[in-house]
Amino acid sequence: MIRILRQIFRTGIVTDPAPRCDDPKITTGEITLPDSVLKRFKRSLTVREVDAGSCNGCELEIHAINNPIYNCEQFGIHFTASPRFADILLVTGPVTKNMEIALRRTYDAVPTPKLVIAVGDCGCNGGIFGESYASLGGVDKVIPVDIYIPGCPPTPTDILNGFYKIFL
């Protein structure tokens, strides 16, 4: 026990400071957040992540925001397995035709007010896959998107900046 405490005191805090929110790469959709939405969330967001057909590059970066370096829970961001408890859908990848119905059902299961964040170039506009016989393109072709976080894949800081825009 003493050895563990010594290790904790020697290591210290490894969490990065809060990211800057003025990143020009992150754009918001046409929907502006009313004050009632911000009052409801109260700086505590529950996120349901949906992989709509990505290569898993974005998922690796999303997992990285949970590690001690980025520690998204310090900002009040928590992930959930159920869309019924979620405030936000975090969607990655171009929407494949096989995932279209599942994505719509997940979106319908999230209680209102709900927000959708498209992560990665594929989520924003279809990326290198575009529209094809197997892909419908970006997430906004299936459900309305409020915030776009471009990048292939976006860094964990970019993803946290996207979340940070919700709180502003």
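Which side chains meet in a salt bridge at 2.9 Å, N to O? The first legend answers this, and the others move to further sites in this predicted model.

**View 1. A salt bridge within helix α4.** The side chains of Glu 100 and Arg 104 meet in a salt bridge, with an N to O distance of 2.9 Å. Both residues lie in helix α4, which spans residues 100–109. They are 4 residues apart, about one turn of the helix. Glu 100 is partly exposed, at a relative accessible area of 23%. Arg 104 is partly exposed too. Its relative accessibility is 35%. Side chains of opposite charge can pair when their charged atoms come close.

**View 2. A salt bridge between loop residues.** Glu 131 forms a salt bridge with Lys 141. The closest N and O atoms are 2.6 Å apart. Glu 131 and Lys 141 lie in the loop between α5 (120–125) and β6 (147–149), so the pair ties together parts that are 10 residues apart in sequence. Glu 131 is exposed, with a relative accessible area of 58%. The count for the model comes to 2 salt bridges.

**View 3. Glu 59, a buried acid without a salt bridge.** Glu 59 sits in helix α3, residues 57–64. Glu 59 is buried, yet has no salt bridge. Arg 48 is the nearest side chain of opposite charge, and it is 9.7 Å away. The cut-off for a salt bridge is 4 Å, so Arg 48, at 9.7 Å, does not qualify. What joins the side chains of Glu 59 and Thr 92? A polar contact of 2.3 Å does. Leaving aside residues up to four places away in sequence, Glu 59 touches Glu 49, Asp 51, Ser 54 and Thr 92.

**View 4. Strand β4, enclosed and paired with two strands.** Strand β4 covers residues 88–92, and 5 of its 5 residues are buried, so the strand is largely enclosed by the rest of the structure. Ile 88, Leu 90 and Thr 92 point one way from β4. Leu 89 and Val 91 point the other way. In a regular strand the side chains alternate between the two faces of the sheet. Strand β2 (residues 45–51) runs parallel to β4, joined by 5 bridges. Here Val 50 stands opposite Val 91. Strand β5 (residues 115–119) also runs parallel to β4, again with 5 bridges. On that side Val 91 stands opposite Ala 118. Together, β4, α4 and β5 make a right-handed β-α-β unit.

**View 5. Helix α1 and the glycine that follows.** Helix α1 spans residues 2–11. Of its 10 residues, the number buried is 0, so the helix lies largely in the open. Gly 12 comes just after α1 and takes a positive phi of about 75°.

**View 6. Cis peptide bonds and positive phi values.** Most residues other than glycine have a negative phi, and most peptide bonds are trans. A cis peptide bond joins Thr 112 and Pro 113, with omega about -5°. Pro 113 is in the loop between α4 and β5. A cis bond also joins Cys 152 and Pro 153, with omega about -15°. Pro 153 is in the loop between β6 and α6 (156–167). Asn 56 has a positive phi, near 80°. It lies in the loop between β2 and α3, and is partly exposed at 41% relative accessible area. Phi of Asn 71 is positive as well, near 45°. Asn 71 is in the loop between α3 and β3 (77–79). It is partly exposed, at 25% relative accessible area.

Definitions and conventions
Residues are numbered from 1 along each chain as its sequence is written. This is a predicted model: local features need pLDDT of at least 70, side-chain atom pairs count only at pLDDT 80 or more; totals for chains, interfaces and linings use all residues. Side-chain values use heavy atoms; hydrogens and water are left out. Buried means under 20% relative accessible area, exposed over 50%, partly exposed in between (1.4 Å probe, protein chains only). Lys and Arg count as positive and Asp and Glu as negative; His and the chain ends are not counted. A polar contact is a pair of N or O atoms within 3.5 Å; within protein, one must be able to donate a hydrogen and the other to accept it, and residues adjacent in sequence count only if both atoms are side-chain atoms. Contact means heavy atoms within 4.5 Å. Two strands pair if DSSP finds at least two bridges between them. A crossover is right-handed if, with the strands pointing away from the viewer, the path from the first strand over the helix to the second runs clockwise.
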